[in-house]
Amino acid sequence: MNLITISGPPSSGKTSIILKTIQALKERNLTVGVVKFDCLYTDDDKLYKKMKIPVKKGLSGSLCPDHYFISNIEEVVEWGLKNELDVLITESAGLCNRCSPYIKDIKSVCVIDNLSGINTPKKIGPMLKTADIVIITKGDIVSQAEREVFSSRVQTVNSKAIIIHINGLTGQGSYEFSTLIYDKKNSIKSVSGKELRYPMPSALCSYCLGETRIGKDFQIGNIRKINLGDFDD
């Protein structure tokens, strides 16, 4: 089974891209399943069920969705193998620009859209910088010049990634993407023992552990203070 990890900022078009790509994979007689990770709510699983695609969803609640992803990925892979999938696509909410769910030797994809702002690629950390493939969406809404500038900014941040433009409405570009993510030689039986491409934040603060009170007396663990300089300025 091939495992694919797709992440990206909210509303960048991840689900639309996945749906169009699955259609292309099915044309090659491949069996595809999806596990959707999100924070508080999603009904994207209904879209997959409508297409008769095996799907599961997990909501992280108060936990970081990427931490939640990694904590459950072993069981997710076992589910995919049990269902005899050729391709298992995992989708992560990607809310934290400091974290990343990518695993070494597992195909990793970041979805980012042209409307997010010209400097957005610089604001996204390992989720974009360590991806194998970067998909840029919503190109039909901006000019050719804007598409080229945005693509250039992405390339500056991640020069090794393959950049693909996909239209989530028409599916243009999704077939080309489907040919890049499946390779029988990359089949896995487990992710146990594999490593993250980039470490998660390495320490906890009091607010990570549930503290709600404000003030120095209640702050413990990993605390970083902003440098405000001289208050008389």
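A contact here means heavy atoms within 4.5 Å. By that criterion, residues 24 or more positions apart account for 73% of the chain's contacts with a separation of 6 or more. The model is predicted.

**Overall build**

The chain has seven helices and seven strands. Read from the N terminus, the order is β-α-β-α-β-α-β-β-α-α-β-α-β-α. The radius of gyration is 19 Å, close to the 17 Å that the globule rule gives for 233 residues, so the chain is as compact as a globular protein of that length. The table collects the values for the whole chain.

| Property of the chain | Value |
|---|---|
| C-alpha span along the principal axes | about 65 × 45 × 30 Å |
| Buried share of the 233 residues | 44% |
| Exposed area | about 13,000 Å² |
| Share of exposed area from carbon and sulfur atoms | 50% |

**The nonpolar cores**

The largest nonpolar core has 24 residues. Ile6, Ile22, Val34, Tyr48, Ile89, Ile135 and Phe177 have the most contacts inside it. Several elements give two or more residues to this core: the strands β1 (2-7), β2 (32-38), β4 (87-92), β5 and β6, and the helices α1 (14-26) and α7 (174-181). Helix α1 supplies the largest share, five residues. Another core lies apart from this one. That other core has 16 residues, among them Leu3, Phe37, Trp79 and Ile103.

Which residues does Phe177 touch, leaving out those up to four places away in sequence? Its partners are Ile6, Ile17, Thr21, Val109, Ile133, Ile135, Ile164 and Ile166. Two of these partners, Ile6 and Ile135, are themselves listed with Phe177 among the residues with the most contacts inside the largest core.

**Helix α6**

Helix α6 covers residues 144-157, which is 14 residues. From first C-alpha to last, α6 reaches 20 Å, close to the 20 Å expected at 1.5 Å a residue. Its buried residues are Phe150, Ser151 and Val154. Why do they lie on the same side of α6? They cover an arc of only 100° around the axis, and this puts them on one side.

What do the buried residues of α6 pack against? The strands are β5 (107-113), β6 (133-137) and β7 (162-165). The helices are α4 (120-123) and α5 (126-129). Of these elements, β5 and β6 also give two or more residues to the largest core.

Conventions
Residues numbered from 1 in each chain as written. Predicted model: local features only at pLDDT ≥ 70, side-chain atom pairs only at ≥ 80, totals over all residues. Heavy atoms only, no water. Helix = DSSP H or I, 4+ residues; strand = E, 2+ residues; numbered from the N terminus. Expected span 1.5 Å × (residues − 1). Buried < 20%, exposed > 50% of the residue type's maximum accessible area, 1.4 Å probe, protein only. Arc of directions from axis to C-beta. Core = buried A, V, L, I, M, F, W, Y, C linked by side-chain atoms within 4.5 Å. Rg over C-alpha atoms; globule rule 2.2 N^0.38 Å. Areas by Shrake-Rupley, 256 points an atom, 1.4 Å probe, with all protein chains shown as cover.
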